[in-house]
Amino acid sequence: MTLTAIKQEAPQVGDHMAMDLLNTEARNDGAAVDYWHSGEEVRAWLARQGVVVAHGQVDSAALHAQAVALRTLARRLIAARKDEEEGGADDADIAALNAYLHAYLGAPHLARGGDGKLALTRTARGDAIASLLGPVAEAVAQLLVEGDFTLVRQCEHPDCILWFYDRTKSHKRRWCSMALCGNRYKAAQFRKKNSQQDSH
């Protein structure tokens, strides 16, 4: 990603909440970029993902620390599953993810949707941080169990570490974003080709 592409908010190019979780860390000209410096930034990211908890005060520092720990754990689990390491993930990492999942207490809730039709949703109950991070942990677990890991990919641009779930029809997606890394790669190839022609 170029400096102009780096914004205050993490890019949402993953097409899966677990991928977007990993993408809260990026790289810019070889330097690491972390979009989470506070609990408020984590909460803003969660809201963009559709995770909102109306009740309960949240300890901002604790939310930040637990969200970063979940992201680190998710990266290890997803990378292990992608690399098809023996059994995919070690038992300690599975237990750590289960701690997030077990803390996420919820109850079915029937309500009318915006279209007036009845919809069954899940209402979080209990600890505010567990309620906020539970859906993210659940997305990671669902990806590990149900995801097609041939479609879990990292951007092919050499200066990009963003992940995505390839939902394209042809399953040939190569870039986190064609507008960002795809065009940058094509421009670099064009410059390389022109400089080779000029040297002959």
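Asp15 is partly exposed in this predicted model, because its relative accessibility of 41% falls between the 20% and 50% cut-offs. The residue sits in the segment before helix H1 (17-22). Its backbone deserves a second look: phi of Asp15 is near 55°, a positive value in a residue other than glycine. Most residues other than glycine have a negative phi.

His171 offers a second case. Phi of His171 is also near 55°, and again the value is positive in a residue that is not glycine. This histidine belongs to the loop between strand S6 (163-165) and helix H6 (178-198). With a relative accessibility of 36%, His171 likewise counts as partly exposed, since that value lies between 20% and 50%.

Helix packing comes next, and helix H5 is the place to begin. Two packed helices are described by the angle between their axes and the distance between the axes. Helix H2 (residues 39-48) and helix H5 (residues 128-146) have axes that come within 11 Å and cross at roughly 55°. The two helices are therefore oblique to each other, and the crossing of H2 and H5 is left-handed. On the H2 side, Arg43, Trp45 and Leu46 take part, meeting Leu132, Leu133 and Val136 of H5. Sorted by class, the residues of this contact are five nonpolar, no polar and one charged.

Helix H4 (residues 91-103) also packs against H5, with axes that come within 8 Å and cross at roughly 130°. H4 and H5 are therefore oblique to each other as well, given that an angle has to be over 145 degrees to count as roughly antiparallel. The crossing of H4 and H5 is left-handed. H4 contributes Leu97, Tyr100, Leu101 and Ala103 to the contact, while H5 contributes Ala130, Leu133, Ala137, Glu138, Val140, Ala141 and Leu144. This contact comprises 10 nonpolar, no polar and one charged residues. Leu133 of H5 thus appears in the contact with H2 and in the contact with H4.

A word on confidence helps in reading these features. The mean pLDDT of the protein chain is 86, and 84% of its residues reach 70 or more. Among the elements of the chain, H1 has the highest mean pLDDT, at 97, and H6 the lowest, at 66. Over residues 1-7, pLDDT stays under 50, and the model has 19 contacts beyond four places in sequence for this stretch. Where pLDDT is low, the predicted coordinates should not be read in detail.

Terms used: Residues numbered from 1 in each chain as written. Predicted model: local features only at pLDDT ≥ 70, side-chain atom pairs only at ≥ 80, totals over all residues. Heavy atoms only, no water. Helix = DSSP H or I, 4+ residues; strand = E, 2+ residues; numbered from the N terminus. Buried < 20%, exposed > 50% of the residue type's maximum accessible area, 1.4 Å probe, protein only. Axes fitted to C-alpha atoms, helices over the stretch in contact; angles between N-to-C directions. Parallel < 35°, antiparallel > 145°, perpendicular 65-115°, else oblique. Left-handed = near helix turned anticlockwise from the far one by under 90°. Contact = heavy atoms within 4.5 Å. Nonpolar A, V, L, I, M, F, W, Y, C, P; charged D, E, K, R; others polar. pLDDT = per-residue confidence, 0-100.
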